[in-house]
Amino acid sequence: MKQSGLVILCAHNTRSSAYIQALAAAGIEPEAVVLYGTNSTAVNSQRNLTPAHLSLGLFCPDVTLPAADIIRRLGWCSYVCESTALDSVELQELLQMLQPSLLVFSGYGGQIVPAFVLKCAPVLHIHSGALPRYRGSTTIYYEILEHRQCAASAILLDESIDTGPVLLVCRYALPPAGTDIDYLYDNVIRADVLVKVLAYKQEHGALPVPVAQQEEHPPYFIIHPVLKHLALLTVDSGAS
């Protein structure tokens, strides 16, 4: 079912590919998709990217498929913005024309959503990590190390990093040994939370009630390679 006013703003990356495939599988169609930036390079990983490899009751996309190809095959309404900058005039004009009532953001790593985008509509972002405890970058690995689990949180973005009101937090078991975390599992759990939030909106006519974050926690920074290696060893050992 097409959700009126729902626009997905997405980069050419594996997360966007996962989101689009998961939404299509759930029967949720946005009013429009805006693809911005340039085509990404082919996904390359030494770990397992095979969707069938995961058997945890979650929808598992083929993240090697380019987002643009999937959108074209689905026949969804889409627009292309060649600029990678979120504050580009081209992107601003597109969003002004579309006038979304809800904007799903799936951007490039490290980008901060500018004030203009935040003002054009509520911006839904799926963060990898249980908020408010796990703010910042690569938090999936810190949760693996500290709790032997993963999590993803749906939030409405504000002008600070990972501090917006929380709509939903879901926790997940560790994936099977050998699973690629960065390209596959991280995107699988984020896509699952996105589908849950938009399915709720489709059923109830509104998003889940946003809850302001009360606790103050410092953000995590990109994990050190040694700690990332230890996290992957935890996954491969089947620790729970």
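The bend at a residue is the angle between axes fitted to the seven residues ending there and the seven starting there. In this predicted model, helix H6 has a kink of about 25°, centred on Asn187. Helix H6 spans residues 181-204 and comprises 24 residues. From its first C-alpha to its last, H6 reaches 33 Å, close to the 34 Å expected at 1.5 Å a residue. The N-terminal end of H6 is capped by Asp180, with a side-chain oxygen of Asp180 lying 3.3 Å from the backbone nitrogen of Asp182. Just after the helix, Gly205 adopts a positive phi of about 80°.

Contacts with residues of H6 were also found for Gln3. Gln3 belongs to strand E1, which covers residues 2-11. With a relative accessibility of 4%, Gln3 is classed as buried, because the term applies under 20% relative accessible area. A polar atom of the Gln3 side chain is located 2.9 Å from the backbone oxygen of Leu198. When neighbours within four places in sequence are left aside, the residues in contact with Gln3 are Ile28, Glu29, Pro30, Glu31, Leu198, Lys201 and Gln202.

Aromatic rings were examined next. A search of the whole structure yields 3 aromatic pairs. One of these is formed by Tyr134 and Tyr220, whose rings are stacked, with 5.3 Å from centre to centre and 15° between the planes. This pair joins distant parts of the chain, its two members being 86 residues apart. Tyr134 is placed in the loop between strand E5 (123-128) and helix H5 (139-147), whereas Tyr220 is placed in the loop between H6 and helix H7 (225-237). Tyr134 and Tyr220 are both buried. Tyr142 and Tyr220 form a pair that is tilted, with ring centres 4.4 Å apart and planes at 40°. That pair also links distant parts of the chain, from Tyr142 in helix H5 to Tyr220 in the loop between H6 and H7, 78 residues apart.

Tyr134, Tyr142 and Tyr220 together make up one aromatic cluster. The relative accessible area of Tyr142 is 12%, and Tyr142 is buried. For Tyr220, the relative accessibility is 14%, which also counts as buried. Arg133 is positioned over the face of Tyr134, at 5.0 Å from the ring centre.

Two members of this cluster are also touched by Thr139. Thr139 is part of helix H5 and is buried, its relative accessible area being 1%. Residues up to four places away in sequence not being counted, Thr139 touches His127, Ser128, Gly129, Tyr134 and Tyr220.

A second threonine, Thr163, lies in the loop between strand E6 (150-156) and strand E7 (166-172). Thr163 has a relative accessibility of 28% and therefore counts as partly exposed. Its side chain makes a polar contact of 2.9 Å with the side chain of Asp158. Apart from residues up to four places away in sequence, Thr163 touches Arg135, Asp158 and Gln213. The C-alpha atoms of Thr163 and Gly136 are separated by 9.9 Å, the two residues being 27 residues apart along the chain.

Definitions and conventions
Residues numbered from 1 in each chain as written. Predicted model: local features only at pLDDT ≥ 70, side-chain atom pairs only at ≥ 80, totals over all residues. Heavy atoms only, no water. Helix = DSSP H or I, 4+ residues; strand = E, 2+ residues; numbered from the N terminus. Expected span 1.5 Å × (residues − 1). Polar contact = N/O pair within 3.5 Å; in protein donor to acceptor, adjacent residues only side chain to side chain. Buried < 20%, exposed > 50% of the residue type's maximum accessible area, 1.4 Å probe, protein only. Contact = heavy atoms within 4.5 Å. Phe/Tyr/Trp six-rings, centres within 6.5 Å; stacked < 30°, edge-to-face > 60°. Lys NZ or Arg CZ within 6 Å of the ring centre and 35° of its normal.
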